[in-house]
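This report covers the overall make-up of one protein chain, a pair of its helices and a few single residues. Please read it beside the model.

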Amino acid sequence: MAHTVRLNNAPLFASTDLDEVREQVGRVFCAHRLDLTGDPDLLAARFNSAQPGSVRVSYLDYGADVRIEPGELESFYLVQIPLAGRSLIRCGSQEIVSTPSLASLPSPTEALDMRWAAQCPQLIVKFDRDTVEGTLEQMLGERLAQPLVFDLGLDLTSGWARGWRAMADLVVAAAEDGEGLAAQPLALAHLENALLSSLLTMQPSNYRAKLSAPRRPAVPKVVRRAMEFIAEHAHLPITTDDVARAVAVSTRSLQEGFRAHLGLTPMAHLRDVRLARVRADLLAADPARVTVTAVAARWGFPHQGRFAAAYRNRYGQTPSATLRLA
């Protein structure tokens, strides 16, 4: 099946030399064993890779049948999405046949052994292990008692995973574009945080049940402190985890506190604060020198349609009408 080569603007190498392929891929991921298991003449590796924010995205195609044995990944998590063909993935005691409908999510503390069939290019999303575990600890409000281990298969036909794949494609598109979303660190950071948070809360793992358990809501004093933190840091790419850490409660407790006492999430409150900052800037701006798009982007609103709708719902007028009032 034909597929689109991704990240053409970020090529790392193309080679038919097995040793070079092994070395170059290992520089981005980790040292590993790489063997040809089929026709050696088919080897025509292509590796594109970019990191627009905290998440690295890569396109990797060996062309030939290969066996890849990195052992334990140790320092990172991967989501590997075949764009065509299939691959046999073994990680610890789990084993799947990965296809464009079933991605693989190997965990770094489990031994990994993979056999990619010829013509099985993959889109790979790489998360730093410290970031993943730190986010999970913040969501739980406690240190991890054991390493996080996901179910190996990620069913891309399920509702939440289709949305996750769409977000991953946005990160890839940002890396390919080099401008747009990639030039808006606030918006990109929120997107990457959503990618990780949805994996932690939706993909089965040895911590999913604990994440789903109800927790005591944050008390009003903590909510007020969180609101103050958001107001002071609204110009930065903060996440719910950042706010929870600043006020010393778990992410889930903070979320439940906001819902109980304000009827919204911390990020919804942050959006409202930023909308208010946009309005203040528009009212103080020179319409001949300032555009709505520039002000919105400065406050983390890269999608003009959604921003304009949110602004109109909150203030009863369009952003451009506010600017004309200036």
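A residue is called buried under 20% relative accessible area, exposed over 50%, and partly exposed in between, with a 1.4 Å probe and protein chains only. By that definition, buried residues make up 48% of the 326 residues in the protein. The model is predicted, so local features need pLDDT of at least 70 and side-chain atom pairs count only at pLDDT 80 or more, while totals for chains, interfaces and linings use all residues. Numbering starts from 1 along each chain as its sequence is written, and side-chain values use heavy atoms, with hydrogens and water left out.

Helices (H or I, at least four residues) and strands (E, at least two) are DSSP runs, numbered from the N terminus. The protein has 12 helices and 12 strands. Its C-alpha atoms fill a box of roughly 70 × 50 × 30 Å along the principal axes. Contact means heavy atoms within 4.5 Å. Of the contacts with a separation of 6 or more, 73% are between residues 24 or more positions apart.

**Helices α2 and α4**

The expected span of a helix is 1.5 Å times one less than its number of residues. The table sets this value beside the distance between the end C-alpha atoms.

| Helix | Residues | Expected span | End-to-end C-alpha distance |
|---|---|---|---|
| α2 | 129-140 (12 residues) | 16 Å | 16 Å |
| α4 | 185-202 (18 residues) | 26 Å | 25 Å |

At the N-terminal end of α2, D128 acts as a cap, with a side-chain oxygen 3.1 Å from the backbone nitrogen of D130; a polar contact is a pair of N or O atoms within 3.5 Å, where within protein one must be able to donate a hydrogen and the other to accept it, and residues adjacent in sequence count only if both atoms are side-chain atoms. After α2 comes G141, with a positive phi near 80 degrees.

Buried residues of α2 include V132, L136 and M139. Among the elements that cover the buried residues of α2 are β6 (76-82), β11 (122-128), α4 and α8 (251-262). In α4, the buried residues include L191, L195, L196 and L200.

Two packed helices are described by the angle between their axes and the distance between the axes. Axes are lines fitted to C-alpha atoms, for helices over the stretch in contact, and angles run from 0 to 180 degrees between N-to-C directions. The axes of α2 and α4 cross at roughly 65 degrees and come within 11 Å. On the α2 side, T131, V132, T135, L136 and M139 take part, meeting L196, L200 and T201 in α4. By class, this contact has five nonpolar, three polar and no charged residues; Ala, Val, Leu, Ile, Met, Phe, Trp, Tyr, Cys and Pro count as nonpolar, Asp, Glu, Lys and Arg as charged, and the others, Gly among them, as polar.

**Single residues**

V243 lies in helix α7 and is buried at 0% relative accessibility. Leaving aside residues up to four places away in sequence, V243 touches A226, F229, I230, I238 and L254. S253, in helix α8, is buried with a relative accessible area of 11%. With the same sequence neighbours left out, S253 touches R216, P217 and A218.

Most residues other than glycine have a negative phi. L7 is not a glycine, yet its phi is positive, about 60 degrees. L7 lies in the segment before β1 (11-15) and is buried at 0% relative accessibility. E74 also has a positive phi, near 70 degrees. E74 sits in the loop between β5 (66-71) and β6 and is exposed, with a relative accessible area of 51%.
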